[in-house]
Amino acid sequence: MQSERNRTRRTISIMSSPKIASLSWGQMKVQDCSTTYKDCKVWPGGSRSWDWRETGTEHSPGVQPADVEEVAKKGVQTLVIGHGMSEALKVPASTVDYLKKQGINVLVLQTEQAVKEYNALAAQGVRVGGVFHSTC
């Protein structure tokens, strides 16, 4: 019984959403990850760099469904989009609609506020994901 309980705790721990450990202009650190990101994607159990070139993302029209699809497929309940320190990265309605059709709650916030909200949700045990732009 005890070993089963420990195994369950380890599984939950592994699959929890990692907190954003630090944020400054052009730099983000994810808890328990040695990589420093400029822009990043995070989900329960992982994170990676968000390379805009993969989908041809630009500040306008902004975050496309293809930019959030990977995180949406990780089983998140809520996805937080940090659209820049000065909110220069647009988030079109088509992206928000895509996520809502997947049954995912969506929050679009200035990046510092997005990180605070993401970390608060992660601390509550919510299966939260995020895509964060750490400059403009």
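**Aromatic pairs, cysteines and a small set of strands**

W50 counts as buried, since its relative accessibility is 3% and the cut-off for buried is under 20%. This comes from a predicted model, so every value here is computed rather than read from an experiment. W52 lands in the buried class too, with a relative accessible area of 13%. These two tryptophans form an aromatic pair. A pair of aromatic rings is described by the distance of the centres and the angle of the planes. For W50 and W52, the centres are 5.7 Å apart and the planes make an angle of 50°. That makes the pair tilted, because planes have to be over 60 degrees apart to count as edge-to-face and under 30 to count as stacked.

The structure holds two aromatic pairs, and the tryptophans make up one of them. In the pair of Y118 and F132, the ring centres lie 5.6 Å apart and the planes meet at 85°, so this pair is edge-to-face. It ties together distant parts of the chain: Y118 belongs to helix 4, while F132 sits in strand 8 (residues 128–133), with the two positions 14 residues apart in numbering. As for exposure, Y118 is buried at 0% relative accessibility, and F132 is buried with a relative accessible area of 0%.

Helix 4, the home of Y118, covers residues 111–123. This helix lies across strand 1 and strand 2, and runs at about 175° to strand 1. Those strands belong to an open sheet of three strands, lined up in the order 1-2-3 with antiparallel pairing. Strand 1 (20–24) and strand 3 (36–37) are the edge strands; each has a single partner, so one side of each has no neighbour in the sheet. Between strand 1 and strand 2 (residues 27–30), the antiparallel pairing runs over four bridges. To pick out one spot, S22 stands opposite K29 of strand 2.

What about the cysteines? The count of disulfides in the structure is zero. C40 is in no disulfide, and the nearest cysteine sulfur, belonging to C33, is 8.7 Å away; a disulfide needs the two sulfur atoms within 2.5 Å, so this pair does not qualify. C40 itself is buried, with a relative accessible area of 0%. C136, on the other hand, counts as partly exposed, because its relative accessibility is 24%.

Conventions: Residues numbered from 1 in each chain as written. Predicted model: local features only at pLDDT ≥ 70, side-chain atom pairs only at ≥ 80, totals over all residues. Heavy atoms only, no water. Pairing = 2+ DSSP bridges. Contact = heavy atoms within 4.5 Å. Axes fitted to C-alpha atoms, helices over the stretch in contact; angles between N-to-C directions. Buried < 20%, exposed > 50% of the residue type's maximum accessible area, 1.4 Å probe, protein only. Phe/Tyr/Trp six-rings, centres within 6.5 Å; stacked < 30°, edge-to-face > 60°.
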